[in-house]
Structures are given as structure tokens and as C-alpha cells.
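Let's walk through this one together, a question at a time. Have the viewer open and follow along.

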Amino acid sequence: MASSAEGVSTPPVPSAGETVAVRSRRFGSFDVAREQILEFPSGLIGFPRGRRYVILEHRPGSPFKWLLSIDDPELAFAVADPSELVAGYEPPLEPAAKLLGVVPADVALFVIVTIPRDPKNMTVNLMAPVVVDTQTRKARQMVIEDQGLSPCHPVVPAS
Amino acid sequence: MLVLTRKIGETIRIADSVTVQVLSVRGSQVSLGIVAPADVRIFREELYREIESQNQNAQLPDAESLAGAEEVWKEYGHGKQR
């Protein structure tokens, strides 16, 4: 069973203008402005303890970004706009908006990318995209059931 | 593990805001009705495990893998060739 997040205290998000210091062996030391912090009230699935994340650019022109945990700065995921990697993908903005309690125009959606040793075998998690309320920065990993979407959809089609 | 025995129509309450009601029992299949706040995620265990495992596999790819993935994107990414 995944451990309960109960009893884990997440420091409160600082008020406007404040920043949070991040010290990461992998990503270095830097400050993150409050308005850049994504708050996952229940964490990512299987990672209930990390509530606050920030999106970092990987490099200019790259479709990939980093979703870095502020609460555990050694934890990060590669994420991407799925339309960069999956032809014909239609982001489920309506259900995402419903889940977040906002209008679809206020939803940002990205997918977690799994990159194995041979990157040609990389996959994207279309079943459980990350959705963000761009107004409040509240975020969730949304699970889409019964739509035939895979948690490991291959980017390179099988030939 | 806490074991409770309930009849059809009876409910179990978990903390203050979650209820689980036994709706029907047919052979070995049990239908449950769950009421919980929107921020409580409810999954069949197998689905939870599947996504948890995928998230575990996805964490912290190294810079080299990401560079390789960019090459794959250049070749196969949507909007490039398609």
C-alpha cells in the first residue's frame, strides 16, 4: 500500500512576492517564485508526499520540460505537451476542467514521459495526464478510465 | 486489517467524509457505492498500481536519455514529419 500522507507537514506556500529556495544535486540551487509553484493537493499517484512542483525548461527548442518536486528536489519527471509527441491527440480539456472546477480555457495539460535506455522505446502516459488550473496553479494527475488510453503509449509507432 | 460485515444497503464510513455502501452482491461480485470529496482519488487497486508503477519508471531519466529522446522527437514527433 502507498503510505498515507497523513502527518506529513507541507510548509505553507509563501505569500505573494516570496520565493522558495530549491537545492538539488541534479538541478542546482535556485529560487522559485510563489506564482511558479504547482500545488498537487494529493501528490502524483504513488508519490503522495510531494505536493509542490515546479516546471523547469530543459533547453530552448526542446519539447521536454522537467517537473521537479520542490519538497524532494532529487525527484523529477520529464514531461511534455502531448501534441508534440502523439499525432492526433486531443487533450481531454473538458473532463480536466470539470475535475478542477474551472473552465477549459484555464486548463493546462501535459503528460509524463517515460524514457528507457533506448529512447526509441519512450512512452507517454496518456491515461494519467497532469492537469493544471492555470489561475490558481492547483494541479492533479487525472486518471481517464474506459477510453482505451494507455499509461505507456509508444511515441514511435511499432513498425 | 479491519474486517467489518455488512448487509446489502448498509454503509461504512471512513473518516468524516467518505462512505462506502454495499449496493448488491451477485455470486462473487460485489457492487459498492462510494461517496467522497472530489479531492479523494478512488481507483480499482489494479489501476492504481499500474499508474503508480508507470510513475515509478518515469522518475528522473538521466540527461543522456533526454538528449536521446529529443533526437527521437525530431524524427518522429508530431508536427515534424506528420
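Q: Does strand β3 (residues 29-35) of chain B lie largely in the open or is it buried, and how many of its residues are buried?
A: A residue is buried if 20 or more other C-beta atoms lie within 10 Å of its own, exposed if 12 or fewer, and partly exposed in between, with C-beta atoms placed from the backbone. Strands here are DSSP runs (E, at least two residues) and helices are H or I runs of at least four, numbered from the N terminus. Strand β3 of chain B has 7 residues and lies largely in the open, because the number buried is 0.

Q: Before going on, what kind of model is this, and what are its ipTM and pTM?
A: It's a predicted model, where local features need pLDDT of at least 70, side-chain atom pairs count only at pLDDT 80 or more, and totals for chains, interfaces and linings use all residues. Residues are numbered from 1 along each chain as its sequence is written, while chains are lettered from A and ligands numbered from 1 in the order in which they are written. pLDDT is the predictor's confidence in each residue, from 0 to 100, and chain B averages 90, with 94% of the residues at 70 or above. The scores asked for are ipTM 0.83 and pTM 0.85.

Q: Which residue of β3(B) is the bridge partner of B:Ser24?
A: Two strands pair if DSSP finds at least two bridges between them. Strand β2 (residues 18-26) of chain B and β3(B) run antiparallel, joined by 7 bridges. Their hairpin has 2 residues between the strands, and B:Gly27 takes a positive phi near 60 degrees there. The partner of B:Ser24 is B:Ser31.

Q: Which residue of β2(B) stands opposite B:Ile14?
A: Strand β1 (residues 11-14) of chain B also pairs with β2(B), antiparallel, over 4 bridges. In that hairpin, 3 residues sit between the strands, and B:Ala15 has a positive phi near 50 degrees. Opposite B:Ile14 you'll find B:Val18.

Q: How far apart are the C-alpha centres of the two domains of chain B?
A: The domain bounds come from an automatic or database domain assignment. They divide chain B into domain 1 (1-37) and domain 2 (43-77). Centre to centre, the distance is 35 Å.

Q: Which residues have the most contacts inside the largest nonpolar core?
A: A nonpolar core is a set of buried Ala, Val, Leu, Ile, Met, Phe, Trp, Tyr and Cys residues joined through C-beta atoms within 7 Å. The largest has 41 residues, and the elements giving it two or more include β7 (107-114) of chain A and α1 (45-58) of chain B. Two residues are in contact if their C-beta atoms, placed from the backbone, lie within 7 Å; beyond four places in sequence, A:Val111 touches A:Val79 and A:Leu126, among others. The residues asked for are A:Val79, A:Val111 and A:Val113.

Q: Where chain A touches chain B, how many nonpolar residues does the chain A side have?
A: The contact takes 36 residues from chain A and 28 from chain B. On the chain A side, β6 and β7 each give two or more residues. Ala, Val, Leu, Ile, Met, Phe, Trp, Tyr, Cys and Pro count as nonpolar, Asp, Glu, Lys and Arg as charged, and the others, Gly among them, as polar. That side has 7 polar and 3 charged residues, and its nonpolar count is 26.

Q: Is A:Gly148 buried or exposed?
A: A:Gly148 sits in the loop between β10 (139-141) and β11 (153-154) of chain A. Because A:Gly148 has 8 C-beta neighbours inside 10 Å, it counts as exposed.
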